[in-house]
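The following exercises concern the fold, the packing and selected residues of one protein chain. Each task is followed by a solution worked in steps.

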Amino acid sequence: MASFGTALEHIKAGGKAAREGWNGKGMWIAYSPGSEALPAANFWAPANKAYAEEQGGTADVLPCITMKTATGEILMGWLASQSDMLAEDWTVVE
């Protein structure tokens, strides 16, 4: 078991982490490093694509944490709760 800080370091190195206390099975978080000058064609949201086109065909995407949910979707931009940040039940997911 580890702290959120340890889990954060692990995911930033390319791994996955989860909390023992999460009710949903198979959930984990990962780090998405973002991208400099992502081409407009690679954006899913029409507004983001249009913005990139207006900026000369690309836009920078900032890093974020993603989550694989219990129902199998990838959630973009997961935010840790205070309980998540203070928990000591973080584990490495293989």
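**Exercise 1. Overall dimensions**

Task: Compare the radius of gyration of the protein with that of a compact globule of 94 residues.

Solution. The model is a predicted one. A compact globule of 94 residues would have a radius of gyration near 12 Å. The protein has 16 Å, however. Next, consider the box filled by the C-alpha atoms: taken along the principal axes, it is roughly 45 × 25 × 25 Å. Finally, consider the surface. About 6200 Å² is exposed, with carbon and sulfur atoms supplying 56% of it, and 30% of the 94 residues count as buried.

**Exercise 2. Secondary structure and contact range**

Task: State how many helices and strands the protein has, and give the pattern they follow along the sequence.

Solution. Counting the elements gives three helices and seven strands. Read along the sequence, their pattern is α-β-β-β-α-β-β-β-α-β. The contacts can then be sorted by separation: among those with a separation of 6 or more, 58% are made by residues 24 or more positions apart.

**Exercise 3. The largest nonpolar core**

Task: Identify which residues of the largest nonpolar core touch the most other members, and which elements give two or more residues to this core.

Solution. The core holds 15 residues, and those touching the most other members are A17, W22, I29, M67, W78 and W90. The elements that contribute two or more residues to this core are α1 (4-12), β1 (16-19), β2 (28-32) and β5 (64-68). Another core, of five residues, lies apart from this one; L38, A40, F43 and A59 are among its members. As a general point, nonpolar side chains in soluble globular proteins tend to be buried together.

Take A17 as an example. Leaving aside neighbours within four places in sequence, A17 is in contact with A7, I11, W22, W28, I29, W90, T91 and V93.

**Exercise 4. M67 and W28**

Task: Decide whether M67 is buried or exposed, do likewise for W28, and describe the surroundings of both residues.

Solution. M67 lies in strand β5. The cut-off for a buried residue is under 20% relative accessible area. M67 has a relative accessibility of 7% and therefore counts as buried. Beyond four places in sequence, the contacts of M67 are W22, M27, W28, I29, E73, I74, L75 and W78.

W28 lies in strand β2. Its relative accessible area is 19%, so W28 is buried. With neighbours within four places again left aside, W28 is in contact with K16, A17, A18, W22, T66, M67, K68, I74 and V93.

A18 serves as a reference point for both residues. W28 and A18 are 10 residues apart in sequence, and their C-alpha atoms are 4.6 Å apart. M67 and A18 are 49 residues apart in sequence, with a C-alpha to C-alpha distance of 9.3 Å.

**Exercise 5. T69 and L75**

Task: Classify T69 by relative accessibility and L75 by relative accessible area, then list what each touches.

Solution. T69 is found in the loop between β5 and β6 (74-75). Because its relative accessibility is 16%, T69 counts as buried. Not counting residues up to four places away in sequence, T69 touches G26, M27 and L75.

L75 lies in strand β6. With a relative accessible area of 38%, L75 is partly exposed. Under the rule that leaves out residues up to four places away, L75 touches I65, T66, M67 and T69. The C-alpha atoms of L75 and I65, which are 10 residues apart along the chain, are separated by 8.7 Å.

**Exercise 6. A37 and S3**

Task: Determine what is notable about phi of A37, and locate S3 relative to α1.

Solution. A37 is found in strand β3 (residues 35-39). Its phi is near 55 degrees, a positive value in a residue other than glycine. In general, most residues other than glycine have a negative phi. A37 has a relative accessibility of 41% and so counts as partly exposed.

S3 lies in the segment before α1. At 23% relative accessibility, S3 counts as partly exposed. Neighbours within four places aside, S3 is in contact with A87, E88 and W90. S3 and L75 are 72 residues apart along the chain, and their C-alpha atoms are separated by 22 Å.

Notes. Residues numbered from 1 in each chain as written. Predicted model: local features only at pLDDT ≥ 70, side-chain atom pairs only at ≥ 80, totals over all residues. Heavy atoms only, no water. Core = buried A, V, L, I, M, F, W, Y, C linked by side-chain atoms within 4.5 Å. Buried < 20%, exposed > 50% of the residue type's maximum accessible area, 1.4 Å probe, protein only. Helix = DSSP H or I, 4+ residues; strand = E, 2+ residues; numbered from the N terminus. Contact = heavy atoms within 4.5 Å. Rg over C-alpha atoms; globule rule 2.2 N^0.38 Å. Areas by Shrake-Rupley, 256 points an atom, 1.4 Å probe, with all protein chains shown as cover.
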